[in-house]
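Subject: Structure handover

Hello,

Please find the structure below. My notes on what was found in it follow.

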Amino acid sequence: MPPIHSSPYFQMDNPAILSLLRPTPGEKHRKSTSSSGGLLRMFKLFPMLTSGCKMVALLGRPRKPMLKDSATTGTIFGYRKGRVCLAIQDDPHSVPIFVIELPMLTSLLQKEMASDIVRIALESETKTHKKKVLEEFVWAVLCNGRKMGYSIRRKQLSDDELHVMQLLRGVSMGAGVLPSPNDKETVTADGELTYMRARFERVVGSKDSEAFYMINPDGAASGPELSIFFVRSN
């Protein structure tokens with residue numbers, strides 16, 4: 001499949017999403033020498049990482065969260081040759097409030113990250129509004145404005161997803177390669193199990209829209225490079 005060269009604004013014309021958008025780093029005239037975006041750049045380097053690179057081992061597994069604040073924890077993970085998953089937690093120790101397998105390969109998401117600005121939009125066409133927006137099940141998924149397909153939110157964690165959550169318990173941010181759940185080896189038939197975990201600022205636009213903006217680990221004020229939007233159509 002050829003690389004994607006899509007604009008972050010392409011087809012992102014849903015009014016609820018547009019109302020949540022923030023200025024991009026380019027709009028703020030970010031300097032090319034900016035040091036922000038370490039996590040996203042490391043995630044893009046996964047094809048170059050060796051099987052011995054395990055960020056979890058470097059970070060350790062503290063009993064208490066590294067950072068105590070109100071930020072939400074977001075984790076993107078998956079086997080290199082498989083589909084990528086998204087998990088959202090109140091903190092690294094809590095049960096995920098939202099887990100979904102996105103309709104795109106992990107390798108494809110890494111190519112999309114070459115743009116340095118990644119916007120993932122999940123749109124629900126549910127007509128009833130009795131649930132909170134994150135409680136909806138069926139989602140249309142767009143990445144940088146390109147429609148990828150449909151996914152269904154998990155009711156329960158799969159064995160692989162539970163394995164990742166357990167390994168990363170207590171890790172507030174990082175990126176790397178994890179051992180597989182079956183044989184505890186790093187490389188499997190589906191490739192390496194890669195992950196990126198970061199803290200996100202959660203913004204509630206309305207009862208039908210929420211956004212999560214990745215917080216740069218170095219504290220740079222150059223704007224979020226990874227944003228995730230949840231929108232329920234009226």
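**Strand β6 and the surface patch**

Tyr150 lies in strand β6, which covers residues 146–152; helices (H or I, at least four residues) and strands (E, at least two) are DSSP runs, numbered from the N terminus. Before going on, note that this is a predicted model, in which local features need pLDDT of at least 70 and side-chain atom pairs count only at pLDDT 80 or more, while totals for chains, interfaces and linings use all residues. Residues are numbered from 1 along each chain as its sequence is written, and side-chain values use heavy atoms, with hydrogens and water left out.

Tyr150 counts as partly exposed because its relative accessibility is 47%; buried means under 20% relative accessible area, exposed over 50%, and partly exposed in between (1.4 Å probe, protein chains only). Together with Val138 and Ile152, Tyr150 forms a nonpolar patch on the surface, with about 310 Å² of accessible area in total. Patches are made of residues with over 30% relative accessible area and no salt bridge, with like charges joined within 9 Å and nonpolar side chains (Val, Leu, Ile, Met, Phe, Trp, Tyr) within 5 Å. Accessible areas come from the Shrake-Rupley method with a 1.4 Å probe, and for residues only the protein chains shown count as cover.

**Salt bridges**

The whole structure has seven salt bridges, each being a side-chain nitrogen of Lys or Arg within 4 Å of a carboxyl oxygen of Asp or Glu. Side chains of opposite charge can pair when their charged atoms come close.

One of the seven joins Arg232 to Glu136, with the closest N and O atoms 2.8 Å apart. This pair links distant parts of the chain: Arg232 is in strand β11 (residues 226–232), Glu136 is in the loop between β4 (118–124) and β5 (138–143), and 96 residues separate them. Both Arg232 and Glu136 are buried.

Arg154 and Glu161 form another salt bridge, with their closest N and O atoms also 2.8 Å apart. Arg154 is partly exposed because its relative accessible area is 29%, whereas Glu161 counts as buried, at 3%.

Arg202 and Glu210 meet through their side chains at 2.7 Å, N to O. Arg202 counts as partly exposed at 35% relative accessibility, and Glu210 as buried at 8%. Elsewhere, salt bridges that share partners join Glu136, Lys207, Asp208 and Arg232 into one network.

**The largest pocket**

Arg202 and Glu210 also help to line the largest pocket, along with Ile97, Lys132, Val133, Leu134, Glu135 and Arg153. By class, this lining has three nonpolar, no polar and five charged residues. The pocket has a volume of about 160 Å³. On a 1 Å grid over the protein atoms alone, a pocket is an open set of points with protein on both sides within 12 Å along at least five of seven lines, and lining residues have an atom within 4 Å of a point.

**Other buried residues**

Which residue other than glycine has a positive phi, near 50°? That residue is Asn144, placed in the loop between β5 and β6. Asn144 counts as buried because its relative accessibility is 0%.

Leu86 is in strand β2 (residues 83–89) and is buried, with a relative accessible area of 2%. The C-alpha atoms of Leu86 and Glu161 are 9.6 Å apart, although their positions lie 75 residues apart along the chain.

Regards

Key:
On a 1 Å grid over the protein atoms alone, a cavity is a set of points where a 1.4 Å probe fits but cannot get out, and a pocket is an open set with protein on both sides within 12 Å along at least five of seven lines; lining residues have an atom within 4 Å of a point. Grid points are joined across faces, edges and corners, and a volume is the space filled by probe spheres set on the points. Ala, Val, Leu, Ile, Met, Phe, Trp, Tyr, Cys and Pro count as nonpolar, Asp, Glu, Lys and Arg as charged, and the others, Gly among them, as polar.
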